[in-house]
Amino acid sequence: MSSADSTFKRFVEVGRVVLLKSGPFSGKIAVIAEIIDHNRAIIDGPTTGVTRQSYPYKHLTLTPLTLTKLPRGAGSGVIKKQIEKEAIVDKWDKSSWAQKRAATEKRRSLNDFGRFGVMLAKKARRDAVRKSVFKAKKST
């Protein structure tokens, strides 16, 4: 059975970009530099501030992004050059997944007054939509 026939699309592989789920670097992305065993991998994120370290798979989320032709056990310098060459951080920031996470984080950081402003903006938008729908119905 080839990987094209598989239902799985993201594999634990050298060069796979991962999102860290827990720990001090939670929410940042890194790259798998080397696979240790069936529980852990060495990750490195020289452009995102993640230090090179062993990390358990259960605290990683595999993303659809990969670095092409990254050699096994590549050092931080090689990984950094490859990330910058392929613009991985920009691709991640433009992905809907990252934008959704950023919006959620922004909403969580709002204080009471910020939440009040969001409520008013929602009401204004809802009113504008309602009026334009009514106008469209009336014209037909």
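User: How many positive and negative side chains does the protein have, and how far apart do the centres of the two sets lie?

Analyst: In this predicted model, the protein carries 30 positive and 12 negative side chains, and the centres of these two sets lie 11 Å apart.

User: Which helices and strands should I look for, and in what pattern do they follow along the sequence?

Analyst: There are 4 helices and 5 strands in the protein, and reading along the sequence you meet them in the pattern β-β-β-β-β-α-α-α-α.

User: What does the radius of gyration say about the protein beside a compact globule?

Analyst: The idea is to set the value of the model beside the one that a compact globule with the same number of residues would have: for 140 residues that would be near 14 Å, whereas the protein has 21 Å. You can read this together with the box that the C-alpha atoms fill, which is roughly 65 × 40 × 30 Å along the principal axes.

User: What share of the residues counts as buried?

Analyst: A residue is called buried when its relative accessible area is under 20%, and 27% of the 140 residues of the protein count as buried. The accessible surface comes to about 9,800 Å², and 57% of that surface belongs to carbon and sulfur atoms.

User: Is strand E1 largely enclosed or open, and why?

Analyst: Strand E1, residues 16-20, is largely enclosed by the rest of the structure, because 5 of its 5 residues are buried. Both of its faces are covered, with Arg16, Val18 and Leu20 buried on one side and Val17 and Leu19 buried on the other.

User: Which strands pair with E1?

Analyst: E1 pairs with strand E5, residues 60-66, in the antiparallel sense over 4 bridges, and within this pairing Leu20 stands opposite Leu60. E1 is also joined by 3 bridges to strand E2, residues 29-35, again running antiparallel, and here the bridge partner of Leu19 is Ile29.

User: Where is Pro46, and is Pro46 buried, partly exposed or exposed?

Analyst: Pro46 sits in the loop between strand E3 (40-45) and strand E4 (50-56). Since partly exposed covers the range between under 20% and over 50%, Pro46 counts as partly exposed because its relative accessibility is 26%.

User: Which residues is Pro46 in contact with, leaving aside its neighbours within four places in sequence?

Analyst: With those neighbours left aside, Pro46 is in contact with Ser76, Ile79, Lys80 and Ile83. Ile79 shows how sequence and space can be read side by side, for Pro46 and Ile79 are 33 residues apart in sequence and 7.4 Å apart in space, C-alpha to C-alpha.

Technical notes:
Residues numbered from 1 in each chain as written. Predicted model: local features only at pLDDT ≥ 70, side-chain atom pairs only at ≥ 80, totals over all residues. Heavy atoms only, no water. Helix = DSSP H or I, 4+ residues; strand = E, 2+ residues; numbered from the N terminus. Buried < 20%, exposed > 50% of the residue type's maximum accessible area, 1.4 Å probe, protein only. Contact = heavy atoms within 4.5 Å. Rg over C-alpha atoms; globule rule 2.2 N^0.38 Å. Areas by Shrake-Rupley, 256 points an atom, 1.4 Å probe, with all protein chains shown as cover. Lys, Arg positive; Asp, Glu negative; His and termini not counted. Charge placed at Lys NZ, Arg CZ, Asp CG, Glu CD. Pairing = 2+ DSSP bridges.
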